[in-house]
Amino acid sequence: MRDRIEAFIAWANAEATKHDVPAETIPPGPHGVIGTARSRRSLAWHIARRPGGLVALAIQYGYLRTAFSTVTDGYGSRSRSGIHDLIDIETACAVADTVIGLKDHLADGGGVSGPAARRAIKAAAKAPRFAGTVITAATAKRLIANEDAMIYDNPQAFVLCHYKRAQALCHRDGVRDTPTLDRCVPGCGNIIRTDEHAAQLRERAEFLDKRAAFAARPIGDRLRANAIRLRDLADTHDRTHITVKDAT
Ligand code: SF4
């Protein structure tokens, strides 16, 4: 693994030079070779921040909790707390980015809609709790346990999720401290939609209509129906959204 990571860095840097994009060069590690431990951290960072990353992270999170909980001793148990800590840290960092983004959106006069809109405005007002905080395993655990602070980005569902376990429709029967983002249920009381989501819903609807024009009738009808549903959601946002001013 270590050799392959080094070979990948050499290849990526050669490509950066070839395409004249020096900013994309991977700098030498200040602590020596990258190695597998640091590569794992980078991987978790990308899982948390790529579109839909938190979905992957949530799936992996559930999987890893199960997988590592079944290992009783040896390497597995030594690595267990390490990998869980790492995932908690990346989850908290991704949430911090989302909350700070929401705060900026509201500060620019942007609106939010959905059942959790008012509490999201309150949570965003407390975004500075993330600023300057070094997120360690302990602070990450504390933040994840604080339901008021945690707002998850869920770009696949075009929503933000201000997660309250008691209201979550994605896993009512289970007791979990993170939402199951890939099973987001329309109508959940934790949903927040921003102006950006409304714009994305309309873009997506347009895309579906274009595809429908070239699809066979039953598929085309389904795509058009989906496009209408997405436009309805965007219109609902426009009709019902509130701003910071409305909330105070
Ligand atoms: S169903 Fe509710 S709690 Fe679950 S991901 Fe969607 S908004 Fe969040």
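How many of the 248 residues of the protein chain count as buried? The answer is 39%. Keep in mind as you look around that this is a predicted model.

Let's start with how far you can trust the picture. The mean pLDDT of the protein chain is 82, and 79% of its residues reach 70 or more. One stretch to treat with care is residues 65–80, where the pLDDT is below 50. That stretch still has 13 contacts in the model beyond its near neighbours in sequence. Where pLDDT is low, though, the predicted coordinates should not be read in detail.

Now for the overall layout. The protein chain has 9 helices and 4 strands. If you walk along the sequence, you meet them in the pattern α-α-α-α-β-α-α-β-β-β-α-α-α. The folding also brings together parts that are well separated in the sequence: of the contacts with a separation of 6 or more, 63% are between residues 24 or more positions apart.

Head to the beginning of the chain and find helix α1, which covers residues 2–18. Asn-13 sits in this helix, and its side chain reaches the backbone nitrogen of Ile-26 at 2.7 Å. Once you set aside neighbours within four places in sequence, Asn-13 is in contact with Thr-25 and Ile-26. Right next door in the sequence is Ala-14, also in helix α1. Ala-14 and Thr-25 are 11 residues apart in sequence, and their C-alpha atoms are 8.4 Å apart in space. With a relative accessibility of 43%, Ala-14 counts as partly exposed.

Just after this helix comes a backbone oddity. Most residues other than glycine have a negative phi. Asp-20 goes the other way: its phi is near 55 degrees, a positive value, and it isn't a glycine. You'll find Asp-20 in the loop between α1 and α2. Is Asp-20 buried or exposed? Its relative accessible area is 63%, so it is exposed.

Next, jump to the strands. They form an open sheet of 4 strands in the order β1-β4-β3-β2, with antiparallel pairing. Which strands are at the edges? They are β1 (112–113) and β2 (151–154), and each of them pairs on one side only.

Let's cross the sheet one pairing at a time. β1 is joined to β4 by 2 bridges, and the two run antiparallel. Here Val-112 stands opposite Thr-194 in β4. Moving on, 2 bridges also join β4 (residues 191–194) to β3 (residues 159–162), again running antiparallel. In this pairing, Leu-160 has Ile-192 as its bridge partner, while Cys-161 stands opposite Ile-191. Finally, 4 bridges link β3 to β2, and these strands are antiparallel too. There, the bridge partner of Asn-154 is Val-159.

How do the side chains sit on these strands? In a regular strand they alternate between the two faces of the sheet. In β3, Val-159 and Cys-161 are on one side and Leu-160 and His-162 on the other, and all of them are buried, which leaves both faces covered. β4 also has both faces covered: Ile-191 and Arg-193 on one side and Ile-192 and Thr-194 on the other are all buried. Look for helix α7 (residues 195–213) here, as it lies across β2, β3 and β4. This helix runs at about 80 degrees to β4.

The hairpin of β2 and β3 deserves a stop as well. It has 4 residues between the strands, and one residue there, Phe-158, takes a positive phi near 55 degrees. Phe-158 isn't a glycine either. Its relative accessibility is 15%, so Phe-158 counts as buried.

One last stop: helix α6, residues 137–145. Its buried residues are Thr-139, Ala-140, Leu-143 and Ile-144. Why do they count as being on the same side of α6? Because they cover an arc of only 135 degrees around the axis. A general rule helps you read that spacing: an α-helix has 3.6 residues a turn, so residues three or four places apart point the same way. And on the face of α6 turned away from the buried side, you'll find the exposed residues Arg-142 and Ala-145.

Conventions. Residues numbered from 1 in each chain as written. Heavy atoms only, no water. Polar contact = N/O pair within 3.5 Å; in protein donor to acceptor, adjacent residues only side chain to side chain. Contact = heavy atoms within 4.5 Å. Pairing = 2+ DSSP bridges. Axes fitted to C-alpha atoms, helices over the stretch in contact; angles between N-to-C directions. Buried < 20%, exposed > 50% of the residue type's maximum accessible area, 1.4 Å probe, protein only. Arc of directions from axis to C-beta. pLDDT = per-residue confidence, 0-100.
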